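Me: Got a minute to go through a model with me? I'd like to talk about its charged pairs and its surface.

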Amino acid sequence: MSTITVNISFQDSLLKEIDKTAKKEHRSRSELLREAARLYIQRQRQWEELFMLGDRMTEEKQLNLKDVEEEIMAARRNRAESR
């Protein structure tokens, strides 16, 4: 797999945090930023999948927005009561 060098701009304070974290983890700045990008993309995909699941369930069960809101409130109540 080939690599491509890109230029990217950061505020000084963020770059200092990136460098501090990379040093603490014994990584290069590039390694840290590649991992951060991979994790961000993975998290976004997981959210997309979750929303698609919600849309599919809503459609299958023919729920409207009010039904969904009521289900969320009931789940929150159940969780609060079980604590």
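Reply: Sure, here's a quick run through the salt bridges and then a surface patch; keep in mind that the model is predicted.

Me: How many salt bridges turn up in the whole structure?

Reply: A search of the whole structure gives 4. One of them pairs the side chains of Arg29 and Asp19, at 2.7 Å from N to O. That pair ties together distant parts of the chain, with Arg29 in helix H2 and Asp19 in helix H1, 10 residues apart.

Me: Is Asp19 buried, exposed or partly exposed, and why?

Reply: Partly exposed, because its relative accessibility is 29%. Arg29 also counts as partly exposed, at 39%.

Me: And how far is Asp19 from Glu59?

Reply: Their C-alpha atoms are 47 Å apart, with the two positions 40 residues apart along the chain.

Me: OK, what about Lys66, which residue does its side chain meet in a salt bridge?

Reply: Glu70, at 3.5 Å from N to O. Both sit in helix H3 (residues 65-81), 4 residues apart, which is about one turn of the helix. Lys66 counts as exposed because its relative accessibility is 55%, while Glu70 is partly exposed at 42%.

Me: What does Glu25 pair with?

Reply: Arg27, with the closest N and O atoms 3.3 Å apart.

Me: Switching topic: which residues form the nonpolar patch on the surface?

Reply: Trp47, Leu50, Phe51, Leu53 and Met57, together offering about 500 Å² of accessible area. Leu50 belongs to helix H2 (residues 29-60), and with a relative accessible area of 47% Leu50 is partly exposed.

Key:
Residues numbered from 1 in each chain as written. Predicted model: local features only at pLDDT ≥ 70, side-chain atom pairs only at ≥ 80, totals over all residues. Heavy atoms only, no water. Buried < 20%, exposed > 50% of the residue type's maximum accessible area, 1.4 Å probe, protein only. Patch = residues over 30% accessible without salt bridge, like charges linked within 9 Å, V, L, I, M, F, W, Y side chains within 5 Å. Areas by Shrake-Rupley, 256 points an atom, 1.4 Å probe, with all protein chains shown as cover. Helix = DSSP H or I, 4+ residues; strand = E, 2+ residues; numbered from the N terminus.
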